[in-house]
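Colleague: Please put the model up on the screen. I will then ask about it piece by piece.

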Amino acid sequence: MPGAIVQLILFIGVTGLGIYLFAKAVYHRYSYVKLGQPVNLGGQLKKRIGPFLIEVFGQTKLLKDTKSGIMHLVIFYGFIILQFGAIDIIVKGLSGHPLPIPGYEAFGLLQEITVAAILLAMGYAAYRRYGEKIKRLKKGWKPSLVVFFICGLMLSVLFTLGFDRIREGLEASALAPVSSLIASAFGWLSPGSAVVLYGICWWLHLVILLSFLVYVPQSKHFHLITAPLNIMLKRQEPAGRLRRLDLEDEEAESLGLSKIEDLTQKQMLDLYACVECGRCTNACPASSTGKMLSPMHLIVKLRDHLTEKGAAVTGKSPWVPAFVFGEGSAHAMKASEHQPGAWSGSGTTDIGPTMNAQKQSWVQTDKKPEDMELVGDVMTEEEIWSCTTCRNCEDQCPVANEHVDKIIDLRRQLVLMQGSMPHDGQRAMQNIERQGNPWGISRNDRVKWVQEMDQQGQQCVPTVQENPDFEVLLFVGSMGSYDNRSRKIMRSLVRLMNQAQVNFAILGNEEKNSGDTPRRLGNEFLFQQLCEENIKIFRKYGVRQIVTACPHTYNTLKNEYPEFGFEAQVLHHSELLDQLVRERKLIPSHEVKERITYHDSCYLGRYNNVYNQPRNVLKAIPGVELVEMERSRENGMCCGAGGGMMWMEETAGKRVNLARTEQALEVKPAVISSACPYCLTMIEDGTKMKEVEETVKARDIAELLEESVFGASAQVPGSAVS
């Protein structure tokens, strides 16, 4: 009896200490997050609860990688089941009696099966990291510590149950297979020895459990707590809408992201939700082609900096107990010494060079965290300007982290506050500001392509003045107006719209750049100026429905203009053509005998979930054999032109468009189709780099549909690829 009281007192003391240290570590990190900007998440609990339950309990994002997803599913649900077993072990160790659970033996069987399944899952986890050597997974003692914790915890459960059977003199049972096996192996022990070993294993189980509890908030495994919260609070507005800056706020100290405190509290929660699984980096076109940017390291470096600066500002140590972990020093980038440099990867894509460069560059420094700059000390300009804003990182992230908005905010700081931008991007900005297009061609030439059609006796394209009763505004965009290749797409689209008797018009020389490029390059001032000017023109002519062939323009008009007071029905030309074919207003009757693979535009697909419509158009064309690339639809790889990269040269690693073209060529197509002028340009350049442009053509869906509707011999001059 006295021994039981002593054990209870020790249990209360040890458990109380563990819970206290856990709460202290969580509270300290909470105090760091409070340094961020308050954010109004707008409630919407009913709207959030469904996706939350699906993602958390369905593990849908994790199952994108089937093997890894199943492994995590076993561990996730295994720990939920084992919580009841842990309570049972603790109660039995303290009182000598198990929990009064109906069907207790079946409950015990479930516990043992679950423990065995978790051990197998952890063995597979270790194999993936060190056997398969998957490049996105970090190596070393820190990433492996959780394996030892979980395996130690599981083994302590089994040995506690095994020695319990010996001390109680229980016979082997099929309902307790593992513990019976352990009991048989140690059957030579005396009852007294079994009691001692049972006590040791019982305490070992408790200490490991509490140690793991204290370790969790001080490691990447904080995601066990923060990830569900992060998923619950994830954005509800369209994925393609960037945060609006209040440019008239005279009290604003800076625009964009200059210091870690400029992040919102929700963005800081992102940092602590990160699992460091590397799925984002594995999908990133910049990381995959040897650029310095790695979305995972972006989050991890910001998290480290937040923890280090938060500790310095609040005076609350991130390490609990501090004497065990040590205070350590701050970290900073030394990227200039470890650039990936020229392409040194293997295969079509390879994240290895980027992963190695990031690991070697994030080093301890003598600088104080409060004196460090985000751009320069935490992130390099090269990383910031490598992003194509494709959102593949966000689509792959199992904890709903948002990477792109942080990169755009860093760009805003560079552009608006420091006047820093790569020369090519700066030139494009100046041209847009002066002439309304990235090339700097005269504003008055925006409608020149229409005049050329008129001169060739082709169907006219009315302006809003010539057709004031128009129903649909065709927003041509800079690519369709000035780029020779994109003009061919526009001619095909116009011919199809006329055939279907769509009552449309264009703005002509009154049309301006949509502002997508300036906004993605961080020039929020120019974007808002263009946005206001365009909205004024739209209202002038009573625009209610817009069609555009550019996914970037489509996303901007559809998702970002409403925040500035203009709403209209915005269609991408793939949506319009799909609708016209379904309504039999366009009848593709001529065969196009081609093996075609379709490349998904990021701003059409991941940003706006338009995947089926362009494929429907291609499937409606007789003779077409549609084949999918390995990376397609949600998992499709960027062409490399998004985020303003269309106007800037890649200076490191392999060209993204070359890698994407190689992926397309793997399915041996005769045509690589797209529904984006940027993508088509990049893919066409890729076929030239691979020297297959004579045998593999890059064509827009409108061009292919035009050929099927009118026949190859009936195509108008300049409307198809020569």
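Colleague: What order do the strands have in the open sheet that contains strand 9?
Modeller: This is a predicted model, in which local features need pLDDT of at least 70, side-chain atom pairs count only at pLDDT 80 or more, and totals for chains, interfaces and linings use all residues. Residues are numbered from 1 along each chain as its sequence is written, and side-chain values use heavy atoms, with hydrogens and water left out. Strands (E, at least two residues) and helices (H or I, at least four residues) are DSSP runs numbered from the N terminus, and two strands pair if DSSP finds at least two bridges between them. In this open sheet of four strands the pairing is parallel, and the order is 8-7-9-10.

Colleague: Which are the edge strands of that sheet?
Modeller: An edge strand pairs on one side only. That applies to strand 8 (625-627) and strand 10 (697-700).

Colleague: What does the twist average from one strand to the next?
Modeller: Axes are lines fitted to C-alpha atoms (for helices over the stretch in contact), and angles run from 0 to 180 degrees between N-to-C directions. From one strand of this sheet to the next, the twist averages 35°.

Colleague: Which residue in strand 10 stands opposite Ser673?
Modeller: Strand 9 (residues 671-674) runs parallel to strand 10 and is joined to strand 10 by four bridges. The residue opposite Ser673 in strand 10 is Arg699.

Colleague: At about what angle does helix 27 run to strand 7?
Modeller: Helix 27 (residues 612-619) lies across strand 7 (595-598), strand 8 and strand 9. The angle to strand 7 is about 170°.

Colleague: Which residues of strand 3 are buried on the same side as Val472, and which on the other?
Modeller: Buried means under 20% relative accessible area, exposed over 50% and partly exposed in between, with a 1.4 Å probe and protein chains only. Strand 3 (residues 472-475) is covered on both faces. Val472 shares its side with Leu474, and the other side has Leu473 and Phe475.

Colleague: Which residue is the bridge partner of Leu473 in strand 4?
Modeller: Strand 3 and strand 4 (residues 504-505) run parallel and are joined by two bridges. The partner of Leu473 is Ala505.

Colleague: Which residue of strand 5 stands opposite Leu474?
Modeller: Strand 3 also pairs with strand 5 (residues 545-548), in the parallel sense over three bridges. Phe475 stands opposite Thr548, while Leu474 stands opposite Val547.

Colleague: Which are the edge strands of the open sheet with the order 4-3-5-6?
Modeller: This sheet has four strands with parallel pairing. Two of them pair on one side only: strand 4 and strand 6 (569-572).

Colleague: Which strands of this sheet does helix 22 touch?
Modeller: Contact means heavy atoms within 4.5 Å. Helix 22 (residues 484-499) packs on the sheet, and its direction makes about 170° with that of strand 3. The strands touched are strand 3 and strand 4.

Colleague: Which element gives the largest share of the largest nonpolar core?
Modeller: A nonpolar core is a set of buried Ala, Val, Leu, Ile, Met, Phe, Trp, Tyr and Cys residues joined through side-chain atoms within 4.5 Å. The largest one has 62 residues, and Leu474 and Leu577 are among those that touch the most other members. The largest share, six residues, comes from helix 30 (residues 701-710).

Colleague: How many of the ten residues of helix 26 are buried?
Modeller: Helix 26 (residues 573-582) is largely enclosed by the rest of the structure because most of its ten residues are buried. Including His573, Leu577 and Val581, the buried residues number eight.

Colleague: What is the volume of the largest cavity?
Modeller: On a 1 Å grid over the protein atoms alone, a cavity is a set of points where a 1.4 Å probe fits but cannot get out, and lining residues have an atom within 4 Å of a point. Grid points are joined across faces, edges and corners, and a volume is the space filled by probe spheres set on the points. The search finds nine cavities of 30 Å³ or more. The largest has a volume of about 190 Å³.

Colleague: Which helix gives the largest share of its lining?
Modeller: The cavity is lined by 21 residues, and Gly477, Ser478 and Met479 are among the closest to its centre. Four of the lining residues come from one element, helix 21.

Technical notes. 1 Å grid on protein atoms, 1.4 Å probe; cavity = no way out; pocket = protein on both sides within 12 Å on 5 of 7 lines; lining within 4 Å.
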